[in-house]
Amino acid sequence: MRLLIVGRLSSELVTASKMAMNRGASVTHADGIDQGLATLRAKGGDLVMVDVGLDIRRLVQALSDERIRTPVVACGIASDARAAVAAIQAGAKEYIPLPPDPELIAAVLEAVAADARSFIWRDPSMERVVRLAEQVARSEASVLITGESGTGKEVLARHVHAKSNRAGRPFVSVNCAAIPEALLESELFGHEKGAFTGAVARRIGRFEEANGGTLLLDEISEMDVRLQSKLLRALQERVIDRVGGAAPVKVDIRVLATSNRNLADEVKKGTFREDLYYRLNVVHLRLPALRERLADILELTAHFARKYAELNGLPLRPLAREAQALVARNPWPGNVRELENTIHRAVLLAQGAEIGPEAILSPEGESLAAPTAASGPVERAASAAEAATRGLVGRTVADVERDLILDTLDHCLGNRTHAARILGISIRTLRNKLNEYVEAGVKVAEPGGVRAMAAYG
């Protein structure tokens, strides 16, 4: 986290900010808006805290004009409510009253640093991807993350960064699809003053801003082929050229890239450079679509229901069983992003103690409960999962654990080592459990698949 404090704010604010920040973060001070802008152009930043007495509107507008996407937080005397309102209207994201409270500052920093989309998974298909991601996270290898739009590619990229040796350094993301082709080169590599119309001062690009950390090239398949050659040089030689610059600039970064297209197909079409593809594709993480992650659907649904109830100041309502079945049956072509928006909408529309199926609507207000027969694989899996859940109600944890262990042992034909590996426990723990069951008169499978002792009721 890189914090910039702008204005003649108290030294207590600097001290409190440093107390509130995590290890590896930095605090920089600028006397006024112009000096603050120069600092952001030269070093970048994650958050600006500015004196409420300064021209916040000019600062916010200047950041917008120069496409610097650093959020602004105003600071001022606690009793000056009018100034606080004016700061928010001018574009500040938040207002922190003075004298400073380290806990309040920590909360603001956490909110700014936290990813808006939490990384939640439960499905085995997703578990395999996450385990591979964590296995390679501490390396310096480039990683290509692919998957349909809305599956959480950027969230996974942030997870890789958080588990890497660069976790305390910047994580910088560039959406290659959202920036016009004519501006993307400047956005990535920076520019010198006067390099083009509107270049009012030298500004570092995202490569330099991510120096020492991780750079995410989001939707890299949308990048023009001509710019891909410059990107390849930057990745190979770890040097960049600012637009209008005279000398190369060294950078130390780890690059992650995402795409919702099959880049191998794009290479065949000639829209993506083959050498760049192999440079990026050292490790490939493919995110399955949400419809392939049935165990994740209800887990994410519950998370979004809590999140948006808190955000909107509404009571937490669980999803009714009918609503859960409806959510599980839907194919979610927009994946996690579509599910999140749907649950947000349901939280706002729901009435009563639960979120019912009548609140699960499309953006146009149409019900998602299409009259289709529950005969597809998604519907059958959802029904089976619901039935299995109902079968656990009223039973103790010990009983469920016993059945799981004994059924797994039966599946393994009495092989203790194999069963312990599947269950994720030590062979010693398994043997102790089995001895308990035998003493209680429970049949336990011997090697070869035959159970010993009397049956239990």
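What follows is a walk through two sheets, the helices that pack on them, and a cavity in this predicted model.

Take the sheet that includes β1 to begin with. Five strands make up this open sheet, and reading across it gives β2-β1-β3-β4-β5, with parallel pairing. At the edges sit β2 (26–30) and β5 (94–98), each of which has a pairing partner on one side only. Going from a strand to its neighbour, the turn averages 25°, with direction ignored. Strand pairing in general is a backbone affair: hydrogen bonds hold the strands of a sheet together, in either a parallel or an antiparallel arrangement. For the pair β1 (residues 2–6) and β2, five bridges do the joining, and the two strands run parallel. To pick out one spot along that pair, Leu-4 has Thr-28 of β2 as its bridge partner. A helix also comes into play here: α3 (residues 56–65) lies across β3 (47–51) and β4 (72–77). Relative to β4, the direction of α3 is at about 170°.

Now for the other five-stranded sheet. This one is open too, with its strands in the order β7-β8-β11-β6-β12 and the pairing again parallel. Its edge strands are β7 (171–175) and β12 (283–286), and each of them pairs on just one side. The twist from one strand to the next comes out at 20° on average. Within the sheet, β6 (residues 143–146) and β11 (residues 254–259) run parallel and are joined by four bridges. Leu-144 is a handy landmark, with Ala-257 of β11 as its bridge partner. Helix α7 packs on this sheet and touches β6, β7, β8 (214–218), β11 and β12. The direction of α7 makes about 160° with that of β11.

Helix α7 has a helical partner as well. Helix α6 (residues 124–136) packs against α7 (residues 153–162) at an angle of about 40°, and the two axes are 9 Å apart. The crossing of α6 past α7 is right-handed. On the α6 side, the contact is made by Val-129, Val-130, Ala-133 and Glu-134, while α7 brings in Leu-156, His-159 and Val-160. Sorted by class, that contact has five nonpolar residues, one polar and one charged. Because Glu counts as charged and His falls among the polar residues, the charged residue is Glu-134 and the polar one is His-159.

That leaves the empty space. In general, rolling a probe the size of a water molecule over the atoms shows where such space remains. A search of the whole structure turns up one cavity of 30 Å³ or more. The largest cavity holds about 30 Å³ of space. Its lining is made up of Ala-305, Ala-309, Pro-315, Leu-316, Arg-317, Val-347 and Ile-355. By class, the lining has six nonpolar residues, no polar ones and one charged residue.

Note on methods. Residues numbered from 1 in each chain as written. Predicted model: local features only at pLDDT ≥ 70, side-chain atom pairs only at ≥ 80, totals over all residues. Heavy atoms only, no water. Axes fitted to C-alpha atoms, helices over the stretch in contact; angles between N-to-C directions. Left-handed = near helix turned anticlockwise from the far one by under 90°. Contact = heavy atoms within 4.5 Å. Pairing = 2+ DSSP bridges. 1 Å grid on protein atoms, 1.4 Å probe; cavity = no way out; pocket = protein on both sides within 12 Å on 5 of 7 lines; lining within 4 Å. Points joined across faces, edges and corners; volume = space filled by probe spheres on them.
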